[in-house]
Amino acid sequence: MNKINKFLQSRAFLTLIAILAGFIVGVIFLLLVGISPVTAYAKLFDSVFSRPKNLAYCVVYATPLIFTGLSVAFSFRTGVFNIGAEGQFVVGALAACSVGILVDVPAIIHIPLCFLAAAAAGALWGVIVGFLKVKWGINEVLSMIMFNWIAFYLSNFCVDEIEAIHTDGTADATKNVLDSARILLPESIRSFLAPTSNYGIFLAIAAVIIVYIIIEKTTLGYQLKAVGFNKSAAEYGGIHVNKAILTAIGISGLLSGIGGAVHVLGMGQRISVFAAQEGFGFEGISVALIGASSPVGVLFSGLFYGAMKYGGSRLNLIQAPSEIVNIIMGTIVFFIAISHVFQIVIRRRGGK
């Protein structure tokens, strides 16, 4: 009985309840627009699981989300709310794309160079906000929101105005990155899977393992978590709080920047002028919440979110609104955000 109660109070069970609630709300909205929920959900799941190619596309969609989810989850665990993952993702993508276009070296040098540029750009974008917080006490949430828009317009300016990277055609986009910068799987594998299948998922899995080790197995992780739990107690215990905050935001930005590089070098090939925010960083917040800010949880929630994004894009084939996926995911996040209510109810039932 104790094992059952323990499971009912676990984050995994609450997440499952939230996912179920999301699909139930999706049923309601589908009925309101006159679409059969059975038909819509059958199409959704068929679009994901029917062929290896579909699963491969889901993984490609999910990979950048795993990185931004890890970025947000890492900052959550250390007491910092990184709402700036979107901007860090954008500058990381811009840095990787620029190096991928302008530097012509063998792939064994070119690819690591692109990722180093992206990681440095994302980390710098985060550290600037962290510096403003620890130096002058400027609220990091407000700063990150502003930096998201600065990154947005900086990317558009560079894409549209810098001749060295702007396409030779009429498109409002950069040139394609050189082949030596691409991280695509071999052609023989891509012909069986998706054309954009790439090594990004392996990098994401490696990042999950590294982040887990940092958080759970190192002195640095202990210090960062201590600051997240109680800054005053951590400072009393001899931990340099401001340094910990800068480190947390820097690592968080680094992860988002690498996510931007994976997206450009693996799927996008180039950057276009944005009409609106791409959303990878904001969706990373949802991924982190669904994954309970656990590195392993983020891996699975990122794959789930990627599958929903790709499957949802196919709903228009049956005249169902693809926006239903956003409603489902929003509902899931809402129920996870109020999960403490479920925990209270479960505890009371267990007490009785």
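1. In this predicted model, the loop that connects helix H12 (241-268) to helix H13 (280-290) contains Gln-269. The backbone there deserves a look: Gln-269 is not a glycine, yet its phi is positive, at about 70 degrees. Its relative accessible area is 28%, and since buried requires a value under 20% and exposed one over 50%, Gln-269 is classed as partly exposed.

2. A second loop, between H13 and helix H14 (295-313), holds Ser-293. This residue, also other than glycine, has a positive phi near 55 degrees. Is Ser-293 buried or exposed? Its relative accessibility is 12%; the limit for buried is under 20%, so Ser-293 counts as buried.

3. On internal space, a search of the whole structure returns one cavity of 30 Å³ or more. The largest cavity holds about 40 Å³ of space. Helix H4 (52-77) and H12 are the elements that each contribute two or more residues to the lining of this largest cavity.

4. Which residues line the largest cavity? The lining is made up of Val-60, Thr-63, Pro-64, Asn-198, Val-262, His-263 and Met-267. By class, four of the lining residues are nonpolar and three are polar, with no charged residue in the lining of the largest cavity.

5. For anyone checking the coordinates, H12 links two of the points above. This helix gives two or more residues to the lining of the largest cavity, and the loop between H12 and H13 carries Gln-269 with its positive phi.

Definitions and conventions. Residues numbered from 1 in each chain as written. Predicted model: local features only at pLDDT ≥ 70, side-chain atom pairs only at ≥ 80, totals over all residues. Heavy atoms only, no water. Helix = DSSP H or I, 4+ residues; strand = E, 2+ residues; numbered from the N terminus. Buried < 20%, exposed > 50% of the residue type's maximum accessible area, 1.4 Å probe, protein only. 1 Å grid on protein atoms, 1.4 Å probe; cavity = no way out; pocket = protein on both sides within 12 Å on 5 of 7 lines; lining within 4 Å. Points joined across faces, edges and corners; volume = space filled by probe spheres on them. Nonpolar A, V, L, I, M, F, W, Y, C, P; charged D, E, K, R; others polar.
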